[in-house]
Amino acid sequence: MSSNAPAPGAETDGRVRHFIRQIIDQHLKDGSWDHVATRFPPEPNGYLHLGHAKSICLNFGLGQEYHGSCNLRFDDTNPVKEDVEYVESIKEDVRWLGFDWGQRQFFASDYFEQIHGYAVQLIEMGKAYVDSQTAEQIRETRGTLTSPGSHSPYRERSVEENLDLFRRMRAGEFKDGEHVLRAKIDMAHPNVVLRDPALFRIRHATHHRTGDAWCIYPMYDFAHCLSDAIEGITHSICTLEFENNRALYDWVLDTLGLTPRPRQYEFARLNLTGTVLSKRKLIQLVQQGHVSGWDDPRMPTLCGIRRRGYTPEALRDFCERIGVAKADSTVDFALLEHCLREDLNRRAPRVLGVVNPLKVVIENYPEGQVEEFEMPYSPEDESAGTRTVPFSRELWIEREDFMEDPPKKFFRLGPGREVRLRFAYYVTCTEVIKDESGEVVELRCTYDPATKGGWSQDGRKIKGTMHWVSIAHALPAQVRLYDKLFVKDNPMEVEDGQDFTANLNPESLKSVQGYVEPSLATAEPGFICQFERLGYFCVDSKDSAPGKPVFNRTVTLRDTWAQVQRNMNK
RNA sequence: UGGGGUGUGGCCAAGUUGGUAAGGCAACGGGUUUUGGAUCCGUGUACCGGUGGUUCAAGUCCUCCCACCCCAGCCA
């Protein structure tokens, strides 16, 4: 068996054996481990975004594939930044993505006592000391990337003194910043992380879970590896920026002699074209009011895209397709949209809705007459059922479906042209009515009664099929046409003196009043459908009211006509 | 300038005892179609960052070089 064969029993058939799966397979094969235990360790200080989705799918996915486990662990070691609000949203998002941690929900703060104990142990081993320099002094004596640091004058304190000081730190005898517990490693180490890193700092702050029980809190590097060890994690997977920290991760566990012990592996975080995925920048978008909030449908947060209408299935598929590797990369947003459309195409019922209405009067259609057409919810799945849509003399059609002087490749309506109204009739445009400014305000058409249902006996070929809504029966609805939030693939690409907000797309949200078929009156918040020929839309979960749905455009349909137009302009 | 990483078609990404470059997205062309949707078929001379070398044979081994990313929080 070659090393890249999946481990026996692993449910990974057909999937790419990325380097982490290969490492696990190897460990299972050579006996390093007989099971897999991973964890997803968010800090509860912000909302989850698409980058986290990659990590969640990786960690929880591995747990499932190898019939192992994946813990949800909140890395809550910094009380001043964290809040319960975030732990709730994180849980909701992970659950929504489709993962279940069962009873395996933990907090680094659950281990404060143990972690403290390990710190004491290090002090007793002479491997840690209380430094009483100021933060500035510590920074100054850390050296630079190319020059070594220097020893703290407190570095050689006795074990007894260190123990006493550390005890008093915990007891609350000192103010923030007065002392800090440091590992005694090597102030000249080429890896700066190992230059006597801080292990515990004083923070007189109320922790969202432990309250005021503690006034000293462990640093990430100290708490994380120990939490992994305590939980029996086998493979601790994180992103590339922690590669340097692995040396400290190993130092702590090795020095303490914890065994069997987890190992850390790093993969490249997700970058996407046309979006930003850093907490800092997302906060900026929210705080400066560029978006309506964390769950604005344009945000790459999980709550944002959920509200936009993205599905967990599409996300999971996407995360599998992008792969897991160590090279910095930027995935084309089009791949995410492809995964989304593939999923939505399968599940979204088709309905008719007009987003930019143009009035059409069918002159030879009897006034007052109404026909009910039965239309399928799905073009290829009969079990999706049908609904009935009213047709009458006056209709709304899409403004872009009419051109007064259309080019030959335009298959839609124009003066004298005949098109099909989906599942209804063939109509021919006989007259164009304009207002004083010359804008087209109404079309006069005639219909062919012999084409009922949208089909003709004579085999006449009709190239264009258009969607429509009967004016008298239409349900007015607010429709939000979302577009990309940034105009550049790389939002960070700016002129001197500007920041990424300079690349915000002023047209990322166009809110219009549209008309949809009456069957949508009862659509529930979160309901996802396809407005035929336009795209996928979902009923907004926040702003819709009973009988007054607000639709968010999740994603447009693939638009080959737009491509034809683009190519014509070249 | 120290240390740690990474470089395979436009974008991701396989490639693992060296044997002569998967797949997906995008793009382009065509069939089919009551969504210019969906679907089906087809299209790429990838100097495998560069260089020199080992070898019958190198993306895979060795040399040197280049580019990019990360690290000097009592953040994670």
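The following legends describe close-up views of a predicted model of a protein with RNA strand B.

**View 1. The protein surface around RNA strand B.** In this view, 71 residues surround RNA strand B, and the closest are Gln22, Arg350, Arg422, Gly453 and Thr560. When the residues of this surface are sorted by the character of their side chains, they divide into 23 nonpolar, 24 polar and 24 charged. Several elements each supply at least two residues of the surface near the RNA, among them helix 5 (135-140) and strand 6 (198-202), together with helix 12 (333-347) and helix 13 (560-569). On the RNA side, 65% of the atoms of strand B that lie within 4 Å of the protein belong to sugar or phosphate, while the rest belong to bases.

**View 2. Three polar side chains beside RNA strand B.** These three side chains each place an N or O atom beside a part of the RNA, namely a sugar or linking oxygen for Glu243, a base nitrogen for Glu380 and a phosphate oxygen for Asn567. For Glu243, the distance from an N or O atom of the side chain to the sugar or linking oxygen is 3.3 Å. For Glu380, a polar side-chain atom lies 3.3 Å from the base nitrogen. For Asn567, the distance between an N or O atom of the side chain and the phosphate oxygen is 3.0 Å.

**View 3. An open sheet of 3 strands with helices packed on it.** The 3 strands of this sheet are arranged in the order 1-2-3, and their pairing is parallel. Strand 1 (37-40) and strand 3 (105-107) are the edge strands, since each of them pairs on one side only. Neighbouring strands of the sheet are turned by 35° against each other on average, when direction is ignored. Strand 2 (residues 69-74) pairs with strand 3 in the parallel sense over 3 bridges, and Arg73 has Phe106 in strand 3 as its bridge partner. Helix 2 (residues 50-65) packs on the sheet and touches strand 1 and strand 2, with a direction that makes about 160° with that of strand 1. Helix 3 (residues 84-97) also packs on the sheet, where it touches strand 1, strand 2 and strand 3, and its direction makes about 155° with that of strand 2.

**View 4. Asn45 in the loop that follows strand 1.** Asn45 lies in the loop between strand 1 and helix 2. With a relative accessible area of 15%, Asn45 falls under the 20% limit and is therefore counted as buried. The side chain of Asn45 makes a polar contact of 2.7 Å with the side chain of Lys279. Apart from its neighbours within four places in sequence, Asn45 is in contact with Lys81, Glu82, Tyr86 and Lys279.

**View 5. Helix 8 and the elements that cover it.** Helix 8 (residues 246-256) is largely enclosed by the rest of the structure, because 8 of its 11 residues are buried. These buried residues are Leu248, Tyr249, Asp250, Trp251, Val252, Leu253, Thr255 and Leu256. Their cover includes helix 4 (112-124), strand 5 (180-183), helix 7 (220-231), strand 8 (235-239) and strand 9 (263-267). Just after helix 8, Gly257 takes a positive phi of about 70°. In the loop between helix 8 and strand 9 lies Pro260, which is joined to Thr259 by a cis peptide bond with omega of about 0°.

**View 6. Tyr118 and its contacts in helix 4.** Tyr118 has its place in helix 4, and at 18% relative accessibility it counts as buried. Leaving aside neighbours within four places in sequence, Tyr118 is in contact with Phe222, Leu226, Leu256 and Leu258. Although Tyr118 and Phe222 are 104 residues apart along the chain, their C-alpha atoms are separated by 9.5 Å.

**View 7. Two loop residues with positive phi.** His67 is not a glycine, yet it has a positive phi of about 55°. The place of His67 is in the loop between helix 2 and strand 2, and at 54% relative accessibility this residue counts as exposed. Phe423, also a residue other than glycine, has a positive phi near 60°. Phe423 is found in the loop between strand 16 (418-421) and strand 17 (426-434), and at 23% relative accessibility it counts as partly exposed.

Definitions and conventions:
Residues are numbered from 1 along each chain as its sequence is written. Chains are lettered from A and ligands numbered from 1 in the order in which they are written. This is a predicted model: local features need pLDDT of at least 70, side-chain atom pairs count only at pLDDT 80 or more; totals for chains, interfaces and linings use all residues. Side-chain values use heavy atoms; hydrogens and water are left out. A residue is near a molecule or strand if one of its heavy atoms lies within 4 Å of it. A polar contact is a pair of N or O atoms within 3.5 Å; within protein, one must be able to donate a hydrogen and the other to accept it, and residues adjacent in sequence count only if both atoms are side-chain atoms. Helices (H or I, at least four residues) and strands (E, at least two) are DSSP runs, numbered from the N terminus. Ala, Val, Leu, Ile, Met, Phe, Trp, Tyr, Cys and Pro count as nonpolar, Asp, Glu, Lys and Arg as charged, and the others, Gly among them, as polar. Two strands pair if DSSP finds at least two bridges between them. Axes are lines fitted to C-alpha atoms, for helices over the stretch in contact, and angles run from 0 to 180 degrees between N-to-C directions. Contact means heavy atoms within 4.5 Å. Buried means under 20% relative accessible area, exposed over 50%, partly exposed in between (1.4 Å probe, protein chains only).
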